[in-house]
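Reader: Could you walk me through this one, starting with its inner spaces? I have a few questions ready.

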Amino acid sequence: MLKEAQYIWKDGKLIPWAEATTHILTHTLHYGNAVFEGTRAYMTPEGLAIFRLQDHTRRLLNSAKIVCIKSPYTQTELENAQIELLRANKDDYKANVYIRPLIYLGYGVMGLYHVHAPVNVAIAAWEWGAYLGDDALKYGIKVKTSSFTRSSTKSHMGKAKSAGGYLNSQMAKYEAISAGCEEALLLDDNGFIAEGSGECFFIVRDGVLITPPHDNSLESITQATVVELAKDLGIPLERRRISRDEVYIADEAFFTGTAAEITPIRELDWRVIGEGKAGPIAKRLQEEFFAIVQGKNQKYRKYLTFI
């Protein structure tokens, strides 16, 4: 269950958490057209700080543009709303916080043509620890290649973080957990690695960090952070396609994402990856990443918005 906070921001004002409701005939509920973000705020020695607020909010608005939803709020207004919400709930937060802005189509019309539906915006934020568990960050997870292919760019706009697009990921995640694993790895329609159910993907071979291009995946903000960190640390980097069997013989593999942060993969399809635990490059990147979000790296303080 979610750890409820006092307020949710909805359509320009703060309302009590329990009153953040919507009508059963809300357009998005029936047809799946909505966009959202996942953003984290971390507890630092200087208080709560949102990580890459501007980038996440920009991606939210880009997603809305892709799926033809006109946001009633500007980027600055949405950034300020997230800050306002965290400040209003500050007494409810004792640990790291996950922020969920949502732009959706509300009650008023039905039918597939959506442009006359009212546009609503809501932002919720709650305490949330490691998405796949604290042990996952330290020891790694078991992953299964999904029988579900990542939705093709011929039929799905994968650059939008859209609600309807996540049914594919939901089914892949369900399948993986049912098979005794913690996460799914999805291939694209050419058989190459696309991404996890909600994460981007990296491997390490012979000291080289490798991650797929964005041909068939979301443009990940955490992935971009890891790429930037790798360059700072002098870790060789390649952006290229990765086949499933190459992962089996990789020295390391890990997921990245706002929720997953940097989560090592110890097994894929019941093949042990490397030494079956977090490898040295994943560990180094984890250390540097958490130093950034905890406000300990001065170079990257530009990515933190202190509350």
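Reader: Thanks! Where does the largest cavity lie with respect to domain 1 (7-127) and domain 2 (134-294)?

Author: Happy to help; please keep in mind that this is a predicted model. The largest cavity has a volume of about 40 Å³, and its lining consists of R40, Y42, F51, H56, T222, T258 and F289. Both domain 1 (7-127) and domain 2 (134-294) give residues to that lining, so the cavity lies between them.

Reader: How many residues of domain 2 are in contact with domain 1?

Author: The domain assignment gives domain 1 (7-127) and domain 2 (134-294). Their C-alpha centres lie 26 Å apart. On the domain 1 side of the contact there are 21 residues, and on the domain 2 side 23.

Reader: Which element gives the largest share of the lining of the second largest pocket?

Author: That pocket holds about 240 Å³ of space. Of its 13 lining residues, D55, R59, N62, E219 and I221 are the closest to the centre. Two elements, α2 (53-66) and α6, give two or more residues each to the lining. The largest share, 6 residues, comes from α2.

Reader: And by class, how many charged residues does the lining of the second largest pocket have?

Author: Each of domain 1 (7-127) and domain 2 (134-294) supplies at least three residues to this lining. Sorted by class, the lining has 4 nonpolar residues, 3 polar ones and, to end on your number, 6 charged.

Reader: Which elements give two or more residues to the lining of the second largest cavity?

Author: About 30 Å³ of space lies in the second largest cavity. Among the residues that line it are D251, E252, P264, I265 and A282. The elements giving two or more residues are β14 (252-257) and β15 (261-268).

Reader: What is the distance between the end C-alpha atoms of helix α8?

Author: Helix α8 covers residues 280-293, and its buried residues include I281, L285 and F289. At 1.5 Å a residue, its 14 residues should span 20 Å, which agrees with the distance between its end C-alpha atoms: 20 Å.

Reader: One last residue: is S217 buried or exposed?

Author: S217 sits in the loop between β12 (208-211) and α6 (221-233). Leaving aside residues up to four places away in sequence, S217 touches R150, G158, K159, A194 and E195. The relative accessible area of S217 is 3%, under the 20% cut-off, so S217 is buried.

Notes:
Residues numbered from 1 in each chain as written. Predicted model: local features only at pLDDT ≥ 70, side-chain atom pairs only at ≥ 80, totals over all residues. Heavy atoms only, no water. Helix = DSSP H or I, 4+ residues; strand = E, 2+ residues; numbered from the N terminus. Buried < 20%, exposed > 50% of the residue type's maximum accessible area, 1.4 Å probe, protein only. Contact = heavy atoms within 4.5 Å. Expected span 1.5 Å × (residues − 1). 1 Å grid on protein atoms, 1.4 Å probe; cavity = no way out; pocket = protein on both sides within 12 Å on 5 of 7 lines; lining within 4 Å. Points joined across faces, edges and corners; volume = space filled by probe spheres on them. Nonpolar A, V, L, I, M, F, W, Y, C, P; charged D, E, K, R; others polar. Domains from an automatic or database assignment.
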